[in-house]
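Here is a friendly note to read beside the model. Keep the 3D view open and find each residue as it comes up.

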Amino acid sequence: MTTELKRLVHLVRANFITKSTCFAKESGEMNVRETADFIRVDCGLPSDTFNNSVWLKEQVKPSDTGLIEETVEYFNKKQYPMALWSWEDRSSCTFETLRSLGLNEAETNVAMYADLDALRPDTNCPAELRLKEVATVREIEQYGDVLTSLFGESAEAANVRLYYKRMPASLLLNHSVMKLYIGSVRDEIVATGCLIFAPDSVGIYDIATRQECRGRGFGSAMFNFLLAEARKLRTGWCVLQASPDGINIYKRSGFEPVCEVTVYENRHLLA
């Protein structure tokens with residue numbers, strides 16, 4: 001990997017770390033452990049959406065298994081599902097090392113980047129859709145409800161909803177680092193999106209549309225709205241993590257792939 005690629009990988013990873021830790025550090029009800037090798041976030045709920053561990057070395061080697069075992073065992077003892085994030089492709093020794101510890105690969109996405117100054121967001125938007133930044137406690141809960149809907153009737157759905165209900169509104173409203181956005185149709189919240197303003201980049205996350213409202217251009221409209229908002233507030237790099245199905249959409253907007261992002265989970269290890 002070239003020096004430039006390593007720098008871009010670090011940029012994407014650093015933005016995700018900002019997203020994972022900014023509220024956890026401020027809430028007083030969550031636990032964040034940071035070392036030179038990894039960061040661990042315990043959100044206080046059995047949710048692998050918010051219980052995250054991020055490895056900070058370029059690769060996870062067999063000699064590193066003790067540190068990872070410590071993190072996995074921490075969550076296993078609490079009976080909490082967790083997600084370990086790695087910005088290395090499956091051909092590296094990281095994959096086999098994490099598999100040897102009993103972690104399963106949950107998903108693989110693609111980290112992407114673009115220069116905000118070079119982007120030209122599409123200003124077209126479905127006439128019935130209204131897009132705005134979250135501004136009330138009720139809108140925070142509605143934001144959480146849309147994300148919750150992605151998990152059906154599972155236990156994870158209940159914990160995602162509880163996360164947003166428990167988060168102090170004073171943290172979420174008018175935050176300088178994380179900004180939440182909603183899209184509504186006739187006062188019903190149908191879409192979400194989030195911007196993370198890290199020191200060296202802006203990250204795009206949580207673009208979601210209620211299942212019954214998909215296919216109407218709401219997700220694309222939210223994405224372009226987020227780009228426009230990011231351009232108003234910042235110059236420099238914009239980063240995101242795309243599912244395989246979404247790569248071409250982001251490429252057409254000017255984003256380039258930089259590496260794979262693999263998420264490993266421990267859910268199958270829990271009793």
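The points below go through the pocket, the cavity and the cysteines in turn.

1. Before you start, please keep in mind that this is a predicted model.

2. Let's begin with the largest pocket, which has a volume of about 1,500 Å³. Its lining is made up of 49 residues, and those closest to the pocket's centre are Glu 107, Asn 109, Leu 150, Asp 206 and Ile 207. Try colouring these five to find your way around.

3. Which strand gives the largest share of that lining? Look at strand β9, residues 201-209, which contributes six residues. By character, the lining of the largest pocket splits into 31 nonpolar, 10 polar and eight charged residues.

4. Next, turn to the enclosed space. The structure has one cavity of 30 Å³ or more, and the largest cavity holds about 80 Å³ of space. Among the residues lining this cavity are Ser 27, Glu 29, Cys 43, Tyr 163 and Arg 166. Six residues of the cavity lining are nonpolar, one is polar and two are charged.

5. How many disulfides does a search of the whole structure find? The count is zero. As a reminder, a disulfide is a covalent bond joining the sulfur atoms of two cysteines.

6. Why is Cys 194 not bonded to Cys 22? The closest cysteine sulfur to that of Cys 194 is in Cys 22, but they are 8.0 Å apart, which is too far for a bond; the cut-off for a disulfide is 2.5 Å. Cys 194 is also buried, with a relative accessible area of 0%. Cys 259 is buried as well, at 12%.

Technical notes
Residues are numbered from 1 along each chain as its sequence is written. This is a predicted model: local features need pLDDT of at least 70, side-chain atom pairs count only at pLDDT 80 or more; totals for chains, interfaces and linings use all residues. Side-chain values use heavy atoms; hydrogens and water are left out. On a 1 Å grid over the protein atoms alone, a cavity is a set of points where a 1.4 Å probe fits but cannot get out, and a pocket is an open set with protein on both sides within 12 Å along at least five of seven lines; lining residues have an atom within 4 Å of a point. Grid points are joined across faces, edges and corners, and a volume is the space filled by probe spheres set on the points. Helices (H or I, at least four residues) and strands (E, at least two) are DSSP runs, numbered from the N terminus. Ala, Val, Leu, Ile, Met, Phe, Trp, Tyr, Cys and Pro count as nonpolar, Asp, Glu, Lys and Arg as charged, and the others, Gly among them, as polar. Buried means under 20% relative accessible area, exposed over 50%, partly exposed in between (1.4 Å probe, protein chains only).
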